[in-house]
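Student: Please take a close look at the aromatic rings of this structure, and at what they are paired with. I would welcome one connected account.

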Protein chains: 2
Amino acid sequence: MTHEEATRIVQAMGEKARHGADALAGSTDGARAGAIRAMAGAIRRHGPALLAANDRDLTNLPADYSPAFRDRLTMTPERLEGVAAGLERIADLPDPVGRVLEAWKQPNGLSFKRVSAPIGVVGMIYESRPNVGPEAAALCLRAGNAVLLRGGSDSHHTARAFHEAMVEGLKEAGLSADMVQVMPTTDRALVGALLQASGLVDLIIPRGGKKLVERVLQEARVPVLAHAEGLCHTYVHKDADHDMARSVLLNAKMRRPGICGATETLLIDEAIAPALLPLLVADLEKAGCTFKADEKARDLVPTLPAAREGDFATEWLGPVLSVRVVGGLDEALDHIHRYGSGHTEAIITENERAAEKFINGTNSAVVMVNASTQFCDGGEFGFGAEIGIATGKIHARGPVGAEQLTCYRYEVRGSGQVRG
Amino acid sequence: MTHEEATRIVQAMGEKARHGADALAGSTDGARAGAIRAMAGAIRRHGPALLAANDRDLTNLPADYSPAFRDRLTMTPERLEGVAAGLERIADLPDPVGRVLEAWKQPNGLSFKRVSAPIGVVGMIYESRPNVGPEAAALCLRAGNAVLLRGGSDSHHTARAFHEAMVEGLKEAGLSADMVQVMPTTDRALVGALLQASGLVDLIIPRGGKKLVERVLQEARVPVLAHAEGLCHTYVHKDADHDMARSVLLNAKMRRPGICGATETLLIDEAIAPALLPLLVADLEKAGCTFKADEKARDLVPTLPAAREGDFATEWLGPVLSVRVVGGLDEALDHIHRYGSGHTEAIITENERAAEKFINGTNSAVVMVNASTQFCDGGEFGFGAEIGIATGKIHARGPVGAEQLTCYRYEVRGSGQVRG
């Protein structure tokens, strides 16, 4: 497909989505929630067709793909029911549109309201897990947005089958089918065109590996909410409770080492390290973790492998932990400023002043005090669902739920005021 | 200057700004406000040097530049005092950093706070008016951000003299001089490098003509808050109060026809147009306005010049008004969706249901009911000052004040919770 063809296709999709979003702007909460429930119902009804489409994707999958990848791609009746139930939970969320965020009056009698409003058209680019498509579509719709979906090429048949079900749900609820569209093919030129669709698409959300996200951030001419990596730190302060430090760090690293909120680096205060570091290492080793340690840490636990240049800048996404002994809180903050990715940092301490200083000294999206970095998740935050996690500096940071898929507008009411 | 040289210069500036911003993240409200007051004091003390630098810019100005342009560039003792007093007003604004935007607890005992936080490093690109530099710097600083300033090449000496004063103020207040930096030269390659400085600069704010803003939107690899144009509509509904419609429209168009919040198009309901349109036209004509009218309007007022293809898509920025008679509210909304720039729209009506429908049916940043579109201004909104007006769909829309120059982070406090 040429760039021009791709641009024409995305332009036509974007214009339809814009019209759909314009129409939806005037819709009620009930209509939006009802459409999501209808989508869930249609996904249940379409079960056999969805599983057949998924079979086709699995059959086409090259044999050398990892079992883990194949598993992520696989739909089962239980997983389909999980998707449908997830959509119903999103429908049950409080309406994120039309909330009065602030209201005030000026001396001239004008009254001002800042009111949450849909963003418009969202472009969602995601990889293997096919359930991301319907979940992202439901979250966008909950917030009054239209969405253009571009899933992984390995799950294209599944994505199209989900789309058919969602369109049926939208129509049943009386909403335009243009609110949820999928790319007609998996041609990469279509991704390029989507990333360039400034004016037609208001926001791009990429969800997948670092390579995908970095390509999107590099090429996009449209605002992007994303995180390229989660290089999260847990800092064990000198006034940490030893037992708490042990259980929190073990969870932060090893609960699921492959998620973006997993801790990649332990920073430990030199005052507490002699007593605590050997215990932390033993706990983690027992759970299957390996290490990359600086010299001071190796002085305390000589069996630790030495960290090399670049290790502290590496998101392991696996059972590996970088370890550094620091002189105190300032050195910990300097390290985080230098190597962090702005995702999630944690401090373990019983000292409230140290906790405050750590919170104010980092500029990451999420700062935890005495809790596992793995809590960085929309569900754990109480958002019901998340479309992704953002580490940029504007609009929304941390888990992105339905509320974060809105912006706002000002409503100004007067009685004939003119400006002097 | 080559692209590589420019990139090196901007990179060095951005890194210093990032360090300054990191250090400022832990600063108090008093330190930030005090630094802005010290900047105001230094601007007063530097009066003679500032006026001399401004003289140099005015002397260098080509003779064929318009008197209006020369006037915008000119600094006088009174205008300097205005800049200093403006900075003091910004220092007096409530602290936009550290506000608890939301707080809640989860069943597992984790307590969550969403807290406003600085964005980081802002790049400000502006044209002729040299007072924009110190005002933008003060607003950024108020919100805890570092700023890189790039003013118009015609006012470069003035900009550098302002910068010297600001640096003196920063140092006096004990803050890093790196918080406010100006480009060393007006080489355009530096603008290009600034727009590409993803990772070093968190937000670009261009303020100037459509050409400048469109170039920035086109080239930037960094998020941008801006408006390229303000194609604002005033819709006179059939249930409008005639006298109110007359005074509000006259103000919306003619108070200052050149500002972005000026009304460019009148949409008038066909039910009220026969009685009202001739009066509106007479009022505006008396004030020096000319017209581009559709056929239905010309049927009612035959002296109106005919609108041509493209007139309804034109931001006149002068005493010209496009006029269209519409069949009702839906047609008005369709017109706004098609031609609007997402800036400010107004409806004049006594009918509350119509007002509601208009508000919910537009997706512009600001919607006015029974008030002049010229109220779209940070001062009129009560923000104290504005760095610009945004018409994008994310982060902030409408007037951008100190509060809009923050984002947020999450503070999560636990007592050793681990994720299950």
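**Aromatic rings and their partners**

Tutor: In this predicted model, ring pairs join A:W104, A:F112, A:Y408, A:Y410, B:F381 and B:F383 into a cluster. One member of that cluster, A:Y408, also has a charged partner, since A:R114 lies over the face of its ring at 5.3 Å from the ring centre. In chain B, the charged end of B:R114 sits over the ring of B:Y408, 5.3 Å from its centre.

Over all chains the count comes to 22 aromatic pairs. One of them is formed by A:F312 and A:Y339, whose ring centres are 6.1 Å apart and whose planes make an angle of 45°, so that the pair is classed as tilted. A:F312 belongs to the loop between helix 12 (295-300) and strand 10 (320-326) of chain A, whereas A:Y339 belongs to helix 13 (residues 329-339) of chain A, and the pair therefore ties together parts that are 27 residues apart in sequence. The two rings can also be described by their accessibility: A:F312 counts as buried, at 11% relative accessibility, while A:Y339, with a relative accessible area of 22%, is partly exposed, because the limit for a buried residue is under 20%.

To sum up the part you asked about, the rings include a cluster with residues from A:W104 to B:F383 among its members, a tilted pair formed by A:F312 and A:Y339, and two rings, A:Y408 and B:Y408, that each have an arginine placed over them.

Conventions. Residues are numbered from 1 along each chain as its sequence is written. Chains are lettered from A and ligands numbered from 1 in the order in which they are written. This is a predicted model: local features need pLDDT of at least 70, side-chain atom pairs count only at pLDDT 80 or more; totals for chains, interfaces and linings use all residues. Side-chain values use heavy atoms; hydrogens and water are left out. Rings of Phe, Tyr and Trp (its six-membered ring) pair if their centres lie within 6.5 Å; planes under 30 degrees apart count as stacked, over 60 as edge-to-face and the rest as tilted. Helices (H or I, at least four residues) and strands (E, at least two) are DSSP runs, numbered from the N terminus. Buried means under 20% relative accessible area, exposed over 50%, partly exposed in between (1.4 Å probe, protein chains only). A charge sits over a ring if NZ of Lys or CZ of Arg is within 6 Å of the ring centre and within 35 degrees of the ring normal.
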